[in-house]
Each structure stands twice: as structure tokens, then as C-alpha cells.
Amino acid sequence: MSEQKSFDIVLTGVGGQGIVMLSNALGNACANADIRVLTGELHGLSQRSGTVYIHLRMGGESISPLIPYGEADAILAMEPMESLRYIEFLKDEGIIILNKRVINPPLEIAELSKEKRTDFVTFENIVEKLKVVTPNIAPIDALALAMEAGNPRTENAVFIGAMSALANLPPSVEDMKIGLETVVPKKALEQNIKAFELGYKTAYDGLCDLVQCREL
Amino acid sequence: MTLDSVINTEPGKGFVMCNEAMVRGAIEADVKVVSFYPGAPTSEILDTFNSAQKYFDYKFSVATNEKVALETVAGASMGGFRALTAMKSVGLNVASDAFFSLGYTGIKGGLVLVVADDPHCHSSQSEEDGRLFGPNAYIPMLEPSNPAESREMVKAAFEISEKYGTIVLIRTTTRVNHQSGIITTGPIERKPFEKSQWAEVGKPYFTVGEIARQNKLNLLKKVKAMGEDFESSTFNIVTPGEGDVGIVASGVSYCYAVDACKKLGIKPHILKLGTTYPLPRKKIIEFLKPLKIVTAVEELSPYLEHNLKTIAKDTGLELTVFGKDSGHFSEAEEYNVPIVYKGIASALELKTTKDYESVLERAAGLKSILPERIPVFCAGCPHRATFWALKQAIRGRKIVFNNDIGCYSMAFFPPLNFSDSMLAMGASLGVSAGMSQVLKDDIICMVGDSTFFHAALPGLVNAVYHDRNITLFVLDNEVTAMTGQQTHPGTPQDRGMPQGKKKIIIEDVCKGIGVENITILDSYDVKNNVKPIKEALDHKGPSVVISRRSCALHGDRIKRRNKIPIVPNEVDKNACKKPHTCIRDFHCPAITFDTDDRASHIKSDICDGCGVCAKICPFGVIHPVGSESKTEEVEK
């Protein structure tokens, strides 16, 4: 493996959304293309609904499983609050691809209920804060796209597709597809590929004016 | 990963987690017996061996606890077979009695024990340093930094084990276990499994008194020989640098140190230690000789640092050793590149260009709007229901609640904030026994089904024997839920999972021990559970309340497999009087409220249809999707 361009990304979301599958698809995409890859993952408890993150490092020479603060090229958040929760890892003007669907934690809901308030943290609140760090933000309505692909459980394939639009990503679009194929059940492959393509297109449309994207 | 990278008999490349890489290494080394009790961050070793067992002839079992697991693989080793177990550091505390003796008796077939520390206490009670087990028990120890080394070291550990007739430790930390990367696998060539005969393989395994004293002398000789051997181990790597400054590191700290030095623009000489007990003394002396300053980079205790100091002093080297004693690094917390960057920079008085603190500061300001997302009971979790009934039952009572290790530990955190103590697996029984002698309150303790078998039984026997006035809750959800729903002796036999051959019935065990007051509840029957819980608390002497319902994640998986539909609930929005009982007292991730009219709302994609919220709704306006609510019936 000769010197490769590096790309560090924080994958995040809420337990049960399939972040590990996302990471496995990316890891396999790199493995197939002979690109260096390592991850640092946190999945100690198996409860759903907690915060989950995986640091994924492609190419480059770093050997630490965790990305230093302010050095990630991108954050990919299957739940938007979680992109802000790990914002310290993103470099200035890094890329954020995030789901539009906010999942409010039970504690926030209970607190608001007690105080008779309804001011949930909204998608707009989150994006406003993210913009302090970067203008390069691509919101994705992953559930709608997954439904369009024919399977609401293909949200993570939407994100794998979305990431593929980034020109700086070491694995090619084709590598990414192979990575996805390695991790999804065969019977759901067609829907996952559809979801992948929809995700790709949405990210391309949202980001191509801001950062370098590549053709499918 | 895909399981294929672990089971493919041909050599190749694969993207795997360190836990999986260790399994691959063991299968390549022809391991024949493996046994575990699950515990983060090692559970995936168990899970991967479980998934792969249909492809190979090794014997796999989930043991009742780590001590039994270690003894199981020790027995297999005495019978001449290669065997492996893995556990978290607190698990080795449980197994340590057998562990120390095994050092003295020695073993026969290669025997490997993976022990994982958990700096930062991601999922453990303490930041214990498992490295101290090595020198304390005179057991050799290897420390991998990444998946490739994890695989290689497990293979090498079997060789070392058989060469010296000793159990071998592989010591990891959370950031090693849960690190994925690409490994190159070797071929899998396994001899068919065939039982041996004791007369051919056996020898005495005994250690007490004079025999133990002799064993110890032999052990010291072994350690000396291994130390010599490790001088040439390829796991200890010197990367030459510039000048007279060096770094010594192992495990994941080595990775942080290498990256941090690059960022600092320095090229110190680096010694990466893979055999951290016994240490390769001569190799270390060779490394230290030309240096004026050496910095030890290691998480937790100053184990390497103190060894370096001793070696330098004994050898008469004029060397400054920086590390924790010098105040540049902490014995607390998990490291990362920024921490190591700062530590090395301050030790070597280097100018820094990276301002990680200001990045953190800005981030803290930005995310101050975020509500916490701490782990809560899953939608459909029976524990939520049990706690609801328990909290109703203790109204007006003075109680102490001693919690234990499992998903129910989370009761300590918001929103429940309900627990007075939690020490260790099964400890709630002993603690309760002590409290019952000195406190006037009702004493409640709680264990899960898996913890019941793991470490609660001696505590229960003790409570019955001494007639302690305590109430034990056993939350029986069929599996070891917190670590990934592994089986245990109480798991029903019809769940389609590979498991032991006989279900042990918890109430029968309690009866057999002599518990006279046993109450069995359906966790979901929340309102009807309050009275029997009160009665159990009123009972003088030990009482047991078994609250039974399958773990929601496990139960839903079984339902999906058997094609049983999971029907979520919904709120009759027009009838909802918005008391938010389902939200405030319940904290189910599936329940929220609409911002337009504040009516409760159930998210159908998360709800698992347990229906407990419907039972506690004071107006009965929650019902399964597709059915009609009571209020609608009234209107009709």
C-alpha cells in the first residue's frame, strides 16, 4: 500500500440505528480496495437509544483508533443531535452529513413535560450551532429516501451512498457499493442499492456547490 | 466484519475487530475448548466463537461465571488440549483464585486468558490495571495494539504456553478490543478432535504447603527463562529516532504516542513493548543506554515507568524517566492523542502548535443546548415495569435499595435516581445481609437472572442460613441482556440458540436453598404486582421476588424469527387528557408528546407493543394500533 490520502470520519447516531453496519460497510469497502482503515468503536452496553459513535480512519498514516479533536474530515450522523454531541472532533469547514429526523431523548421529553414546555431541541437549532464550525452541511431525509427505496430499514445504506458523493473519500463509489453488498442480506440487496443511489444523489445535490463531489 | 474473515480456511485479508482477530488467531492455533462469561469489552470474543462453532470442532460453552470458565479451560488444558477464555478485568477478580493456583500447578495443552481493562470505566466499576496480575501471579503477558497483533499474539501465546507449561495472559484495553482494522489471516489447518486418556496426558496439579513452595521455585525459574526468551521476541520493537530522547509504550498508548510525536514534529527513539511480563530487561537496557530522557506512555498505573526506573537505577544509567510520577501524565482516565501530545510536550518542554483545549471549549459552548442521551431501558424492557411497581410498593416505607450489576444498574441514573449501592456481581446480597443487622429500614437487593447464577447463590444461602430480613428481587429476562443477550443456565431451551442442555429453574433453586417466601410476578402486570411486592417486603426473614419477562431485544428477535407480528401501541390523541403519566413516570424511548397540543404520542417504529404504558395510563387511552380504545367504546 503506497501513501494514500487520508480521510477521518466520525459515524454517530442512536443505539439501534445500525452504526456498526455502517462502519462495517466502509471498512469492507477499504479492505477490498487495499486502502488502510482502522476504527475506534464504542459499544459497551447493548441497550437501545443511547448515543453511539465510531471513529473511522481511511488511508493516511495515523495508527490511533481515535481521531484527535478538530481533525475529522467529516461527521456522518444518523441522528442530528449526535453530530453536535461530537462536534469537537470535526475540523473547521469539515463536512457534516446528517439525518433530518431528530430523536429526542426520553430525559428531554420528561423534563419538558414536567415544566409544561414544548421547546424541544429542533433540527434548525442544531444546524445553527454546527454552522459555527462549518458551512458544509448536507441534511438528508434518510427515512423518506429509505421508504422510496422500498424498505424503511435501509437508512444506513442511504448514508453510505451519501458519503460516496465526496470526492476526497479514499474508496471509489464502486468500492463503496461493494462494501455495502458485503454487509447487507442478499434478499434486501436491491433495496439497499436503491437507497444507496438516492443517498448519493441527495448528498451530491446538497454538497456539490460547497465541497468537491464526484460523479456516480 | 463478516464472519467469513474468521472462518475462511484459506489465508487472506479481512476487516475485523481485535476481538474477532483473537478468535481467528485461536482457530488458526487449533484451539479445542473455549468457555466464557460475557463482559464488555470482551463479549464479542464469546459471540464470535459462538457464531463460528458450527464450522469447527472446538467445544464452546457459556459458563456460569469467569471462575468456572477459567477452570473449564484449565481442565481441558490438563487433558492435553489447547483452550482459551476471555474476560474483563473485574471478571479476572472473580477468577483470580483459580488463576493464581494455575500459575503454580502449570498446565498441559496451550492455555490462553484474554483479560481486558477498561480505562474510563466505559462499562466497568473500576479502572483496574490487569497488568499487575502478570507479575503478581508470575504469568507471562502479551499486549497487542491492533487487530493484526491481536491475531498473532494469540497464536504465539499458545506456543509460549506449551513451551513453558504455563497459562499466558493477553492483556487488552477497551480501545484495543473495540478497534477494527485489516488483518492478513493465516491458513486454518486443524487436527480432528479426539478425546485423550488421562493415563497418557495427565500429571499432578496440586499446590499447597511443601509442594506449593517447590512450585514457586519452579515458577521463578520459568519466568527467568521466559524473560530470556522475550529478549528476542518480535513483539518488542525499537523504532530508532534522533537525539537522546526516547519513549517506551505498549498497547493502544503506543499508537497515541506515535501519532502525537508526528504532530509535535519530533522523532524520539521508540520502544514498543509487546511482552510486558516478564519484561525483556536486556533489550530495555540496550534501548535506554544512549538516552538521557525517556518518557513512559501508558494508561492507568505507572507499571512500565517504575520498571524503567528500577532497571535504570540497577544499571547505573543517568536517565530521567518522565511519566506519572513526574506529573506529566495521569493515572486516571483513558488517553487519546491530544492527552499524549500534551503530556510529551510538557515533559520535553516543547512548543505546541495544536490548541486542543480551545477546540473542546468551543464545542462545549455549542453543545450546551443538547439534552443528555444517557442509556435508558429499551422500549418494552421488563425492568422499567418492575421498577414502576416497586416504586409504588415502597411508598411510605423507609427502605434501602442495594442494586447489582446488569441492565437494572441503570436505575441509579436519571430518571429513576433509585439505588443506594452497587459494588460487584452478586454483592447486593452480602451488603444487604450486613445492613439488615444494623439498619431499621426494609432492605431490598436486586440481581438479574444471569447474575443470580454468577455470584448471588452463596449470598442467598448465607441470607437464608442467618435468617436475614431482606427481600431479593430476581429480574428474570431469560438472557444475559446487558452484554448482548447471551444464554445462561436459566435461558429457556426453546429459544433456538446454542446453549447448555438443561434449564435451571430459579424458584426451584431458591426453594432448595430454603427460601420460604417466594413470589413470582409477570413484570408487565404492573398494577397487580404492587400488592405482592408489599407482602414480600412485610415478610420477616429472607424473601425472593422473581419478576419474569423476556428481555425486549431478545423477545422481539424471537418474535421476528417466528414471524409473530410486533404490534405497536398508539395514543387516542383526542381522548388524551395529557397527564403525561406515560412520560414522567415511565421514560420509554418510544413515548413523546406532540408540540401542537401536548398529547402523548407513541413512535410506532420504536414501540414494541409491551402495553405497560396502556396499563398505567389513568384514562385508558393507549391501545394497540388497529384496535379501539375504551373511550371510543364509551362514546359509541
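**Figure 1. Salt bridges across the predicted model, starting with a buried pair.** Count them over all chains of this predicted model and you get 55 salt bridges. One of them joins the side chains of E79(A) and R373(B), with N to O at 3.1 Å. This pair crosses between chains: E79(A) sits in the loop between β4 (72-77) and α2 (80-85) of chain A, and R373(B) in the loop between α15 (356-366) and α16 (382-393) of chain B. Both E79(A) and R373(B) are buried.

**Figure 2. D605(B) and R101(A) form a salt bridge.** Here the closest N and O atoms are 3.2 Å apart. Again we're looking from one chain to another, with D605(B) in the loop between β22 (600-602) and α23 (612-616) of chain B and R101(A) in the loop between β5 (90-99) and α3 (106-114) of chain A. D605(B) counts as exposed because its relative accessibility is 52%. R101(A), at 27%, is partly exposed.

**Figure 3. R397(B) meets D442(B), and a network of salt bridges in chain B.** The R397(B) and D442(B) side chains come together in a salt bridge, 3.1 Å from N to O. They're 45 residues apart, so to speak from distant parts of the chain: R397(B) is in the loop between α16 and β15 (399-402), while D442(B) belongs to strand β16 (residues 442-448). R397(B) is partly exposed, with 23% relative accessibility. For the network, look for D117(B), D129(B), R131(B), E143(B), R171(B) and E298(B), which salt bridges link up.

**Figure 4. R468(B) is buried and has no salt bridge.** You'll find this arginine in the loop between α18 (449-465) and β17 (470-476) of chain B. The nearest side chain of opposite charge is that of D467(B), 8.3 Å away. Beyond its neighbours within four places in sequence, R468(B) is in contact with A433(B), S436(B), Q437(B), A463(B), G541(B) and P542(B).

**Figure 5. Arginines gather in a patch of positive charge on the surface.** Its members are R48(A) and R153(A) from chain A, plus R557(B), R560(B) and R561(B) from chain B. R560(B) is in helix α21 (residues 552-561) of chain B. With 44% relative accessibility, R560(B) counts as partly exposed.

**Figure 6. Y256(B) is a buried residue with contacts in chains A and B.** This tyrosine is part of helix α11 (residues 251-264) of chain B. Y256(B) counts as buried because its relative accessibility is 0%. Leaving aside neighbours within four places in sequence, its chain A contacts are S64(A), P65(A) and L66(A). From chain B, R175(B), E299(B), Y335(B), N336(B), V337(B) and V340(B) are in contact with Y256(B).

**Figure 7. Cis peptide bonds and positive phi values in chain B.** Most residues other than glycine have a negative phi, and most peptide bonds are trans, so these spots are worth a look. The bond from Y277(B) to P278(B) is cis, with omega near -15°, and P278(B) lies in the loop between β12 (275-277) and α12 (281-288). Another cis bond runs from P414(B) to P415(B), with omega near 5°; P415(B) is in the loop between β15 and α17 (427-438). As for phi, E349(B) has a positive value near 55° and sits in the loop between α14 (337-348) and α15. E349(B) is exposed, at 72% relative accessible area. E478(B), in the loop between β17 and α19 (506-513), also has a positive phi, about 80°. E478(B) is buried, at 11%.

Methods: Residues are numbered from 1 along each chain as its sequence is written. Chains are lettered from A and ligands numbered from 1 in the order in which they are written. This is a predicted model: local features need pLDDT of at least 70, side-chain atom pairs count only at pLDDT 80 or more; totals for chains, interfaces and linings use all residues. Side-chain values use heavy atoms; hydrogens and water are left out. Helices (H or I, at least four residues) and strands (E, at least two) are DSSP runs, numbered from the N terminus. Buried means under 20% relative accessible area, exposed over 50%, partly exposed in between (1.4 Å probe, protein chains only). Contact means heavy atoms within 4.5 Å. A salt bridge is a side-chain nitrogen of Lys or Arg within 4 Å of a carboxyl oxygen of Asp or Glu. Lys and Arg count as positive and Asp and Glu as negative; His and the chain ends are not counted. Patches are made of residues with over 30% relative accessible area and no salt bridge: like charges are joined within 9 Å, nonpolar side chains (Val, Leu, Ile, Met, Phe, Trp, Tyr) within 5 Å. Accessible areas come from the Shrake-Rupley method with a 1.4 Å probe; for residues, only the protein chains shown count as cover. The place of a charge is taken as NZ of Lys, CZ of Arg, CG of Asp or CD of Glu.
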